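Visitor: I'd like a close look at one part of this model, namely the cysteines and what lies around them. Please take it slowly and give me the cut-offs as you go.

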Amino acid sequence: CGGKTPRTSLGVCVLLRYNLLCLKMASTVQHCSSKHSLSYSYLQVSGPSQGLPQFLSMVHLDDQPIARYDNHIRMLEPLVPWMEKVKMKSCLDPDWVFRADLKSPQNAHPQNEGLHTWQAILGCELGEGGSKGYFHYSYDGMDFISFDNETFRWVTAQPHAQKVKEKWEDHPGWFQENKDFLEETCPVLLKRYLSFGKEALQRTEPPVGKMNSKVVDDSLEVLTCQAFGFYPKEIQTTWTRDGEACVYETLRRNVAPNSDGTYYVWLSIEIDPKEKNHYWCHVMHDDLQEPLLLAWKEEPDEKLQHPAVGKQKGCSGSQKSQCIFKLHEQKDSIKIM
């Protein structure tokens with residue numbers, strides 16, 4: 001959304017920046033059965049927002065959205081069934097998050113008329129080693145200032161954030177409020193949410209496999225392997241050629257959440273169309289009894305199909321090609337190149 005953005009697309013640009021911030025923060029959190037996180041993400045818009053909310057807040061548990069609030073609906077909206085049972089404040093006061101001190105960057109650039117955005121994300125992670133909090137701000141999609149909970153100092157990412165840093169570090173009350181929230185309040189809220197969402201967090205869903213193919217020219221074809229609808233988040237996906245892992249040749253996207261609480265991931269590889277039969281996509285997940293193999297074949301080969309293929313869901317192809325499922329019989333046969 002950089003550069004000269006047409007005014008008609010400003011709304012899309014704002015939401016894209018907001019989503020990128022959430023995904024950026026989510027990607028920094030490692031999730032496993034013994035580690036959980038709670039985060040609050042905020043967006044404040046100034047200028048012509050073209051129907052978008054001037055204020056939007058999202059609450060995430062283990063990077064899954066559980067509640068939202070904006071100035072249009074003016075009420076907390078649960079996004080998962082169990083949140084309706086939680087009788088507690090789930091959003092922080094926006095005036096507390098977006099303090100008056102943050103208006104200085106806007107006032108410093110009055111010539112930049114149009115749409116401007118403040119984004120904030122704060123929360124905590126809870127694991128076997130205890131809890132760890134974080135608090136980050138960005139302005140117009142760029143990192144602005146963040147709180148270092150180890151040194152208890154504000155760290156600036158932009159020159160014009162220095163004045164904000166000085167004001168905040170000279171304000172003992174604001175400092176103590178941040179420290180109390182990150183070290184005490186947030187971990188208590190996280191444990192409370194985990195107790196209500198325990199059943200949903202402990203469920204398992206196996207991945208569904210899908211294969212796509214795009215012919216670029218006679219010498220280049222792109223194979224894309226997708227796995228979606230799985231839970232928990234941890235999954236291993238690998239492209240292999242004749243049993244050897246194609247680590248450096250693979251273009252991989254990070255695991256991302258779906259709106260229904262499950263996850264998806266995809267990885268692609270550029271190949272010579274004449275050699276596509278040598279490539280397989282390996283998918284391994286805790287809810288699969290055996291690793292799942294997917295291949296793209298011009299002609300259906302019955303010998304490659306496992307008897308369980310008819311029970312698999314989501315394998316899609318075209319009229320000329322077929323996606324073949326096979327269960328891996330030798331788990332340790334993949335070599336890392």
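## The cysteines and their surroundings

Guide: Let's begin with Cys 124, which is buried at a relative accessible area of 0% (buried is under 20%, exposed over 50%, partly exposed in between, with a 1.4 Å probe and protein chains only). The model is predicted, so local features need pLDDT of at least 70 and side-chain atom pairs pLDDT 80 or more, while totals for chains, interfaces and linings use all residues. Residues are numbered from 1 along each chain as its sequence is written, and side-chain values use heavy atoms, leaving out hydrogens and water.

The partner of Cys 124 is Cys 186, and their sulfur atoms are 2.2 Å apart in a disulfide (a pair of cysteine sulfur atoms within 2.5 Å). This link spans 62 residues of sequence, from Cys 124 in strand β5 (residues 116-127) to Cys 186 in helix α5 (residues 172-196). Helices (H or I, at least four residues) and strands (E, at least two) are DSSP runs numbered from the N terminus. The disulfide of Cys 124 and Cys 186 is left-handed, because the torsion about its S-S bond is about -85 degrees. Cys 186 also counts as buried, with 0% relative accessibility.

Searching the whole structure gives two disulfides. The other bond to visit is between Cys 225 and Cys 281, with an S to S distance of 2.0 Å. Cys 225 sits in strand β10 (residues 220-230) and Cys 281 in strand β16 (residues 279-284), so this pair ties together parts 56 residues apart in sequence. With a torsion of about -75 degrees about the S-S bond, the disulfide of Cys 225 and Cys 281 is left-handed. Cys 225 is buried, at a relative accessible area of 1%, and Cys 281 is buried at 0%. If you number the bonded cysteines in sequence order, the pairing reads 1-2, 3-4.

The strand that holds Cys 225 has neighbors to look at. β10 pairs with strand β9 (residues 208-217) in the antiparallel sense, over nine bridges (two strands pair if DSSP finds at least two bridges between them). A hairpin of two residues joins β9 to β10, and Leu 223 in β10 is the bridge partner of Ser 213. β10 also runs antiparallel to β15, with nine bridges joining them; one of the bridge pairs is Phe 228 with Tyr 264 in β15.

Just before β15 comes a loop from β14 (256-257) to β15 (263-271), and Asp 260 is placed there. Asp 260 is exposed, with a relative accessible area of 53%. Its side chain makes a 2.6 Å polar contact with the side chain of Thr 262 (a pair of N or O atoms within 3.5 Å; within protein, one must be able to donate a hydrogen and the other to accept it, and residues adjacent in sequence count only if both atoms are side-chain atoms). The C-alpha atoms of Asp 260 and Gly 229 are 8.5 Å apart, across 31 residues of chain.

On the far side of β16, in the loop between β16 and β17 (292-297), you will find His 285. At 7% relative accessibility, His 285 is buried. A polar atom of its side chain lies 3.0 Å from the backbone oxygen of Pro 232, and the backbone nitrogen of Asp 287 likewise lies 3.0 Å from a polar atom of the His 285 side chain. Leaving aside residues up to four places away in sequence, His 285 touches Glu 205, Pro 207, Phe 230, Tyr 231, Pro 232, Glu 234 and Ile 235, where contact means heavy atoms within 4.5 Å.

Now for the nonpolar cores, meaning sets of buried Ala, Val, Leu, Ile, Met, Phe, Trp, Tyr and Cys residues joined through side-chain atoms within 4.5 Å. The largest has 40 residues, and Tyr 40, Tyr 42, Phe 98, Phe 135, Tyr 137, Phe 144 and Tyr 193 have the most contacts inside it. Helix α5 gives the most to this core, eight residues. A second, separate core of 21 residues includes Trp 239, Cys 246, Leu 267 and Leu 288. Cys 246 is buried too, with a relative accessible area of 4%.

For the wider setting, the protein has six helices and 19 strands, and 42% of its 337 residues are buried.
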